[in-house]
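Here are my notes for your first reading of this structure, set out as numbered points. Please keep the sequence and the 3D view open beside them, and look up each residue as it comes.

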Amino acid sequence: MPIRDVLLALLAVLALGLAFVAIKVGVAHMPPLLLTALRFLYAALPAVLFIRPPAAPIRTVIGFGIALGVVQFGLLITSIKLGMPAGLASLLIQLQAFFTVGLSWLILGERPNRWQIGGACLAAAGMALIGSQWLGNTSIIPFLMVLGAALAWASANLIGKHAGTADRFALVVWGSLAAPVPLFLLSLMFEGPDAIAAALSPPAWQAVLSVGFMAYPATVMAFSLWNVLLSR
C-alpha cells in the first residue's frame, strides 16, 4: 500500500479514535440518540447545498446512511451512555474489520490470503488481551450493542464499496442526510420530548463541541478518507 494511503488511514483512525472522547463528553450533557441525530444532521448540512449527489443508486446512498448513522452510531453512542467504557468501545468496534473480511468473502468472493488471515489472528489475540482488562466490569447489553455497531459498520463498508467510483465525500455527506430523521424519531420514542427540550434549551457548550467534532473531523473527513481507501 502506498505511504500516502497509510498516512490517510492513520489520519482517519486518529479522528475516529478522538471521537470516542467527544462521545463520552457529549452523552454527559445530551441523550445519546439525540446526540447522534445532531451529529449526522450537521455532517450533512450545509454541505448538501453545495455538493452534488454521488453517482450511485439512491438506495445505496440511503442504505449507507442508515447502516452508518442510525444503526452503527445509534447503538455505539447509546452503549457508551449505558456505561460501556469509551476505551473498550473503541477497541470492540474494530471487530468491524473481521466482520468486513467475513462479509466480503461471503458476498463479494474476496478471499483473504494467508498473510491477511495470520495478521487478523494476531490482531484478534491483541484485542482479546487488552479487552480482558475491561470485560469483567461490563454489562452484557452495552457489550452486545457495540458488537451490533461493529457489524453495522462492516455492512456500511460493503455498501460503500458497492458504490463503485462514486465521489466518497459526496457519499458520506448525502448518506448522512438519511440518518437524522430516523434518529430524531427514535429519540422522541425512547428518550422523550422532555429530555430533548431540556438538552436543547440551551445546549451545553460541551455538547456543542462534541457534536461539532463528531460531525466534521470524525464523520465527513474520516469516513470520506476511509471509503476512498476501501474503493482502492
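1. Where in the chain is the place of P202? Before answering, please bear in mind that this is a predicted model, and that this holds for every point below. P202 sits in the loop between α10 and α11, and the peptide bond that joins S201 to P202 is cis, with omega about -20°. A cis peptide bond is also found from L45 to P46, where omega is near 5°, and P46 lies in the loop between α2 and α3. For a first reading, the background is that most peptide bonds are trans.

2. The aromatic rings deserve a careful look, and a pair of such rings is described by the distance of the centres and the angle of the planes. The structure holds four aromatic pairs. One of them is formed by F40 and F73, which are tilted with respect to each other, at 5.8 Å centre to centre and with 50° between the planes. Because F40 belongs to helix α2 (residues 32–44) and F73 to helix α3 (residues 58–81), this pair ties together parts that are 33 residues apart in sequence. Both F40 and F73 are buried.

3. F73 also pairs with F223, and here the arrangement is edge-to-face, with 5.9 Å centre to centre and 90° between the planes. This second pair links distant parts of the chain, since F73 is in helix α3 and F223 is in helix α11 (residues 205–231), 150 residues apart. How does burial look for these two rings? The relative accessible area is 4% for F73 and 1% for F223, and because buried means under 20%, F73 counts as buried and so does F223.

4. When the pairs are followed from ring to ring, F40, F73, W153, F223 and W226 form one aromatic cluster. A charged side chain joins the picture at F73, because R39 lies over the face of that ring, at 3.9 Å from the ring centre.

5. Which residues does S176 touch, if those up to four places away in sequence are not counted? They are F40, A43, A44 and T219, and F40 is also a member of the aromatic cluster described above. S176 itself lies in helix α8 (residues 168–176) and is buried, with a relative accessible area of 2%. A polar atom of the side chain of S176 lies 2.7 Å from the backbone oxygen of V172.

6. Helix α9 (residues 180–190) is worth viewing down its axis, as P180, L183 and S187 are buried in it. The buried residues of α9 fall within an arc of 65° when seen in this way, so they line one face of the helix. On the other side of α9, by contrast, V181 and M189 are exposed. What covers the buried residues of α9 includes α2, α3, α8 and α10 (193–200). The helix is followed by G192, whose phi is positive, near 90°, and for comparison, most residues other than glycine have a negative phi.

7. How many salt bridges does the count come to? The count comes to one, in which the side chains of D5 and R4 meet at 3.2 Å, N to O. The two partners should be described with care, for D5 counts as buried at 6% relative accessibility, whereas R4 counts as partly exposed at 48%.

8. N113 is found in the loop between α5 (96–108) and α6 (114–135), and with 38% relative accessibility N113 counts as partly exposed. A polar atom of the side chain of N113 lies 3.0 Å from the backbone nitrogen of W115.

9. A last point concerns distance along the chain and distance in space. L144, which has its place in helix α7 (residues 140–162), is partly exposed, with a relative accessible area of 46%. L144 and L18 are 126 residues apart in sequence, and they are 22 Å apart in space, C-alpha to C-alpha.

Technical notes. Residues are numbered from 1 along each chain as its sequence is written. This is a predicted model: local features need pLDDT of at least 70, side-chain atom pairs count only at pLDDT 80 or more; totals for chains, interfaces and linings use all residues. Side-chain values use heavy atoms; hydrogens and water are left out. Helices (H or I, at least four residues) and strands (E, at least two) are DSSP runs, numbered from the N terminus. Buried means under 20% relative accessible area, exposed over 50%, partly exposed in between (1.4 Å probe, protein chains only). A polar contact is a pair of N or O atoms within 3.5 Å; within protein, one must be able to donate a hydrogen and the other to accept it, and residues adjacent in sequence count only if both atoms are side-chain atoms. Rings of Phe, Tyr and Trp (its six-membered ring) pair if their centres lie within 6.5 Å; planes under 30 degrees apart count as stacked, over 60 as edge-to-face and the rest as tilted. A charge sits over a ring if NZ of Lys or CZ of Arg is within 6 Å of the ring centre and within 35 degrees of the ring normal. Contact means heavy atoms within 4.5 Å. The arc is that of the directions from the helix axis to the C-beta atoms. A salt bridge is a side-chain nitrogen of Lys or Arg within 4 Å of a carboxyl oxygen of Asp or Glu.
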